[in-house]
Amino acid sequence: DSARNGFSFKGIKDYLECYRSGKLTPSQVAKNIIAMLEDCDKSTPPLRAIVQWDREQIMLMAEASTTRYRNKCTLSCLDGIPVCLKEEFKVVPYHHRVGTVYLGTQPETEDATVAKKLREAGAIIIGVSNMHELGTGTTGCNPNRYHKIPRNPYNPNHFTGGSSSGSAAAVAAGLCPVAIGTDGGGSVRIPASFCGVVGLKGTFGRISCHGSLPLSYSTVSVGPLCTSVADAAIVYSILAEPDLLYPYGLKQPKATLSDMCAPDLKGLKLGVDWTFFKACDAEVLSACEKAVKHLQSLGASVVEVSLPEMEEAQVAHAICILSEMRDFLQPDFNKHFHEMNLETRASLALASQFTALDYIKANRQRTRSMRFLQEIFSTVNCILTPAVPCTAPRIYESDLLTGRSDMSFTVRSIRFMQLGNFTGIPGLVVPIGYSTAGLPISLQVMAKWWDEAVLLRIGLKLEQFRDETKKPSIYYDILA
């Protein structure tokens with residue numbers, strides 16, 4: 001529980017209090033959401049966070065939840081909680097378009113594992129959220145006819161970040177306290193950072209990817225975007241477990257939240273490679289350095305570490321993710337080239353230049369990088385970095401028509417993200433403040449494989465650093 005001055009986002013706890021006290025029912029909340037979704041589509045510019053939704057589906061789930069509250073037989077603490085899933089996941093009865101105009105021509109008849117788990121927990125799926133086409137970029141810019149460009153709730157003239165763009169926008173705009181995204185190169189953590197919400201990328205294999213388009217099978221993890229660390233912990237605890245349909249996570253240790261609510265951070269060692277850490281904008285650096293001091297004030301010690309071969313690891317990650325995407329999307333590239341956004345074509349064309357030898361060398365680098373991390377995590381509990389080196393970039397008129405391809409921005413935006421995707425370690429981003437222009441800034445915490453619990457413990461304390469939460473300029477109060 002965190003008491004805040006002024007504005008605070010409505011989280012799972014606020015919804016549960018309304019339901020348990022009888023102040024509101026899930027059905028009333030669902031009606032509010034439907035009204036807000038209609039409003040978002042009509043606003044200028046449209047928010048474009050949720051790209052497919054269905055009134056009847058939303059009401060069916062809400063009415064079932066209302067009955068369970070009436071009969072005092074709720075399914076979990078996500079019962080009646082509005083959630084959305086990135087369009088990369090199969091969600092009945094929506095189209096599995098994955099940000100394109102050519103995929104998902106028929107409505108889905110089978111849920112992805114995460115969608116199924118959320119239904120079993122009683123959550124109200126309010127629809128599927130916008131995404132960067134085929135997850136190929138970090139701005140969220142998707143000018144095609146089904147998607148359009150999602151707007152950053154803190155400033156609608158700026159991007160949300162990608163590729164889980166709509167998920168971050170939906171949470172920051174108050175449409176739902178929980179969204180699910182995928183992260184192969186920062187795709188949960190970048191939009192969470194740009195939109196001022198919490199984003200968790202689980203350890204590779206921790207949360208099942210079954211039923212999402214397998215764009216890159218060695219770098220992608222699933223994770224929640226939420227209004228608070230506590231909410232991310234709740235969603236993580238429900239979704240994190242082995243799935244027989246997803247072999248990569250079968251041997252995982254049991255997910256725990258041990259020591260998450262410890263009163264301080266005594267005994268924890270926080271690793272920082274200051275040379276790496278400082279490669280960001282001055283405003284971002286200033287906020288992140290102060291946040292590190294805050295963690296020290298709670299009893300943690302900061303240990304200087306050296307992250308070796310980072311340039312090599314970043315190039316190798318790019319080779320792995322792009323080669324795997326190009327391999328999987330080869331038929332699409334041949335058959336649907338002219339229906340793809342210009343940026344997607346450019347990325348996949350670049351990917352075709354990598355050879356089998358490049359891919360083998362990149363994976364040798366992965367083994368080396370994982371070894372280095374094993375050594376580092378024998379001396380520290382986590383590694384701290386800024387989340388993204390800059391704040392959300394501006395949207396220009398031309399972006400709305402032709403999209404945007406800015407390789408230097410892409411490379412820069414994933415700088416602190418790639419290590420987690422390349423080696424499979426978990427990462428959490430937590431908003432810690434704002435730039436002078438009022439755009440969110442976040443810090444990232446990464447831990448050893450399967451140790452999400454320590455991330456959540458540090459994340460809870462990191463949340464207390466921000467002296468105030470600014471209200472986004474686009475915000476819907478569903479519980480009002």
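This is a short talk on the sheet, some helices and a few single residues of one predicted model.

Let me begin with the sheet, since several of the later points refer back to it. Here 11 strands form an open sheet with mixed pairing, and if you follow the strands across, the order reads β1-β3-β2-β4-β6-β5-β10-β11-β9-β7-β8. The edge strands are β1, at 50-52, and β8, at 301-304, each of which pairs on one side only. Neighbouring strands of this sheet are turned against each other by 35° on average, with direction ignored. Helix α9, residues 282-297, packs on the sheet, where it touches β7 (269-272), β8, β9 (382-386), β10 (427-434) and β11 (440-447), and the direction of α9 makes about 50° with that of β11.

Now I would like to go to strand β4, residues 178-183, and take its two neighbours in turn. Strand β2, residues 82-86, runs parallel to β4, and three bridges join the two. Within that pairing, C84 stands opposite A179 of β4, while L85 has I180 of β4 as its bridge partner. With β6 the sense is antiparallel, and β4 and β6 pair over six bridges; in this pairing the bridge partner of T182 is V222 in β6.

How many of the six residues of β4 are buried? The count is six of six, so that the strand is mostly covered, taking buried to mean under 20% relative accessible area. In a regular strand the side chains alternate between the two faces of the sheet. For β4, both faces are covered, with V178, I180 and T182 buried on one side and A179, G181 and D183 buried on the other.

From there we can move to helix α4, residues 113-120, in which T113, V114, A115, K117 and L118 are buried. What do these buried residues of α4 pack against? They pack against the strands β2, β3 (124-129), β4 and β6 (221-226), and also against helix α7 (229-239). After α4 comes G122, whose phi is positive, near 90°.

Next I turn to two pairs of helices. Two packed helices are described by the angle between their axes and the distance between the axes. For the pair made of helix α2, residues 26-42, and helix α3, the angle is about 160° and the axes are 7 Å apart. Since angles over 145 degrees count as roughly antiparallel, α2 and α3 are therefore roughly antiparallel to each other. The crossing in which α2 passes α3 is right-handed. On the α2 side the contact is made by P26, S27, A30, K31, I34, L37 and E38, and on the α3 side by R55, I58, M59, A62, E63, S65, T66 and Y69. Sorted by character, the residues of this contact of α2 with α3 divide into eight nonpolar, three polar and four charged.

The other pair is helix α10, residues 310-335, with helix α12, residues 356-376, which pack at an angle of about 130° with their axes 9 Å apart. That angle makes α10 oblique to α12. The crossing of α10 and α12 is left-handed. In this contact E312, A313, A316, I319, C320, S323 and E324 of α10 meet D358, Y359, A362, N363, Q365, R366 and S369 of α12. The residues of the contact of α10 with α12 divide into six nonpolar, four polar and four charged.

Finally, I want to look at two single residues, T67 and Y146. T67 has its place in helix α3, residues 55-70. Why does T67 count as partly exposed? The reason is its relative accessibility of 34%, because partly exposed covers what lies between the 20% limit for buried and the 50% limit for exposed. From C-alpha to C-alpha, T67 and T379 are 51 Å apart in space, and in sequence they are 312 residues apart.

Y146, by contrast, lies in a loop, the one between β3 and α5 (165-172). With a relative accessibility of 31%, Y146 counts as partly exposed. Which residues does Y146 touch, leaving aside those up to four places away in sequence? They are R48, V51, R97, T100 and V101. For one of these, T100, the C-alpha atom is separated from that of Y146 by 7.7 Å, although the two residues are 46 residues apart along the chain.

Terms used
Residues numbered from 1 in each chain as written. Predicted model: local features only at pLDDT ≥ 70, side-chain atom pairs only at ≥ 80, totals over all residues. Heavy atoms only, no water. Axes fitted to C-alpha atoms, helices over the stretch in contact; angles between N-to-C directions. Helix = DSSP H or I, 4+ residues; strand = E, 2+ residues; numbered from the N terminus. Parallel < 35°, antiparallel > 145°, perpendicular 65-115°, else oblique. Left-handed = near helix turned anticlockwise from the far one by under 90°. Contact = heavy atoms within 4.5 Å. Nonpolar A, V, L, I, M, F, W, Y, C, P; charged D, E, K, R; others polar. Pairing = 2+ DSSP bridges. Buried < 20%, exposed > 50% of the residue type's maximum accessible area, 1.4 Å probe, protein only.
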